[in-house]
Amino acid sequence: MDVEKVTEVAPEVDDDGRVRTGTVWTATTHAITAIIGSGVLALPWSVAQMGWILGPIALIGCAYITYFTAVLLTDCYRSPDPVHGKRNYTYMDAVRSSLGPRDVAVCGIAQYAILCGAIVGYTITAATAGIMSVVRSNCRHYKGHGANCSQEGTMYLVLFGLVEVVLSQLPSLEKVTFISIVAAVMSFTYSFVALFLSAAKFAANHRAYGTILGSKIGGPGGVSAPTRTWNFLQALGNIAFAYTYSMLLIEIQDTVKSPPSENVTMKKASLYGIGVTTAFYVSLGCIGYAAFGNHAPGNILTGFDEPFWLVDLANVAVVIHLVGAYQVYAQPVFACYEKWLRSRYPESGFFHREYALRLPGGRAMRFTMCKLVMRTAFVAATTIVSLMLPFFNAILGLLGAAAFWPLTVYFPVTMYITQAKVPRGSRKWLALQALNVGALIVSLLAAVGSVADIVQRLGHVTMFKTKL
């Protein structure tokens, strides 16, 4: 009997001794998962605050700015040469290679504040816009649409936290690729359902609602002038933050194998990811606004009760997506403090000694006590903050407004100017600085609107009680 000899092919090792397996498609799924969050469901409301002219312009304009700065940032993964230079493993490493220590400190504060803020916001959203919405939808279906179906979400927040405790033990961002793919599919699912339901309502109306300038001031169905102003500014911040993923781009790019060079692959992934995201955002934002007009709900799915099974499907997809998005945002945070702790305590077994847990199928999960304890504590802390501040989405809007300018525009533009040696005072330099100033103004205005919303919500908050 002939026995065929099987030769194992050793994985290719990169120039830094690591094995990378990421492709343009895995990077695209990571990008889509990072960009498309449950915030997509608030876009019809955002368009309603801005109207038929400024709403679509804001959606497309923010998409272009995000893609443009992402292209600049991909060339900063290696420095000083974008193809053969030294690798920068994180966003802060890229800033450190090109700029000064003060910029590194500002970047670190902005990046990890928004990552942690997004994680808390995802925890709250998973419980309120996901699990609690399913319970309320079923209640209204069986008890009638006028029934009192208010719910408390404390238990759901805790359950979501327990799931993330388990998933947080995965080794790195590369190892959550499957979760990221599932999360991307779920984001397609609830976006498609929201788009389908909005299109069906739009068709049933036989007309497009909405106005040129958005929500009205005073009169029947109108709002006060201050509320109109704050809502407009907050909508601008919501749209700007909805596209933000630059803070994760370097970490995603670090999972990509070469050849081709990492910046070539990541530029394609950014184009595909932002292109798909923009198609969803513009379609859902405009069709949802056409269906509901200036009365578009904050979460478009709450505007539908039937068919309840389809609404439930979308809300469950929101939860599953946020489970994956939580990890995409949390893994860079884990990597940051674990790297610092390992270097700070090089002889400690707590940080360096690995343990192996045997899994079915002959596999083993390796971990350190630091990973087990610290990651669990981090998830517990974000869950507790979510319970204490059930209105945290408003604070998340403020964090998004604060992070849009430095992370999405300022640092990518400034690093590119430094690395590409763009002459000061040239047309290119002036155009890039104009983009910097414009993004700063948008962030400041959006921050004002978010702060006003937070002040209004402070009078109605009850700690450790999340209600829908």
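Residues 24 or more positions apart account for 81% of the contacts in the protein chain with a separation of 6 or more. Keep that in mind as you colour the chain by residue number. The model on your screen is predicted, and its secondary structure comes to 14 helices and 4 strands. Of the 468 residues, 52% count as buried.

**Stop 1: a glycine and its distant partners**

Select Gly273, which you will find in helix H9, residues 262-292. Is Gly273 buried or exposed? Its relative accessibility is 0%, so Gly273 counts as buried. Now add Ile36 to the selection and draw a distance between the two C-alpha atoms: Gly273 and Ile36 are 9.2 Å apart in space, yet 237 residues apart in sequence. Leaving aside residues up to four places away in sequence, Gly273 touches Thr28, Ile32 and Ile35.

**Stop 2: the nonpolar cores**

Stay with Ile35 and bring up Tyr245, since the two touch. Which other residues does Tyr245 touch, not counting those up to four places away in sequence? Show Ala31, Ala34, Thr66, Ala70, Ile252, Met266, Ser270 and Ile274 as sticks to see them.

Tyr245 also belongs to the largest nonpolar core, which has 109 residues. Along with Leu41, Tyr281, Tyr329 and Leu407, Tyr245 is among the residues with the most contacts inside that core. To see where the largest share of this core comes from, select helix H10, residues 308-344, which supplies 16 residues. A second core, separate from this one, has 5 residues, including Ala127, Met132, Leu157 and Leu387.

As background for this stop, nonpolar side chains in soluble globular proteins tend to be buried together.

**Stop 3: aromatic pairs**

Next, show the aromatic side chains. A search of the whole structure finds 11 aromatic pairs. Start with Tyr64 and Phe68: their ring centres are 6.2 Å apart and their planes lie at 20 degrees, so this pair is stacked. Both residues sit in helix H2, residues 43-74, and because they are 4 residues apart there, about one helical turn separates them. Switch on a surface to compare how they are covered. Tyr64 is exposed, with a relative accessible area of 55%, while Phe68 counts as partly exposed at 29%.

Now move to Phe334 and Tyr337. How are their rings arranged? The centres are 6.2 Å apart and the planes meet at 75 degrees, so the pair is edge-to-face. Both residues lie in helix H10, 3 residues apart, about one turn of the helix. Phe334 and Tyr337 are both buried. Add Phe378 to the selection, and you have a cluster of three residues linked by ring pairs.

**Stop 4: charges over rings**

Two charged side chains are worth a look here. Select Lys201 with Phe292: the lysine lies over the face of the ring, at 5.0 Å from the ring centre. Then select Arg344 with Tyr345, where the arginine lies over the ring face, at 5.1 Å from the centre.

**Stop 5: the cavity**

How many cavities of 30 Å³ or more does the structure hold? There is 1, and the largest cavity has a volume of about 80 Å³. To display its lining, select Ser133, Arg136, Ser137, Arg140, Leu301, Thr302, Phe304, Asp305, Val311 and Asn315. The elements that give two or more residues to this lining are helix H4, residues 101-143, and H10. H4 gives the most, with 4 residues.

**Stop 6: two unusual backbone angles**

Finish with the backbone torsions. Most residues other than glycine have a negative phi. Which way does His206 go? His206 has a positive phi of about 60 degrees although it is not a glycine. Look for His206 in the loop between helix H6 (177-205) and helix H7 (225-242). With 73% relative accessibility, His206 counts as exposed.

Your last selection is Lys421, in the loop between helix H13 (392-420) and helix H14 (427-458). Lys421 is not a glycine either, and its phi is positive, at about 55 degrees. Lys421 counts as exposed, with 66% relative accessibility.

Note on methods
Residues numbered from 1 in each chain as written. Predicted model: local features only at pLDDT ≥ 70, side-chain atom pairs only at ≥ 80, totals over all residues. Heavy atoms only, no water. Core = buried A, V, L, I, M, F, W, Y, C linked by side-chain atoms within 4.5 Å. Buried < 20%, exposed > 50% of the residue type's maximum accessible area, 1.4 Å probe, protein only. Contact = heavy atoms within 4.5 Å. Phe/Tyr/Trp six-rings, centres within 6.5 Å; stacked < 30°, edge-to-face > 60°. Lys NZ or Arg CZ within 6 Å of the ring centre and 35° of its normal. 1 Å grid on protein atoms, 1.4 Å probe; cavity = no way out; pocket = protein on both sides within 12 Å on 5 of 7 lines; lining within 4 Å. Points joined across faces, edges and corners; volume = space filled by probe spheres on them.
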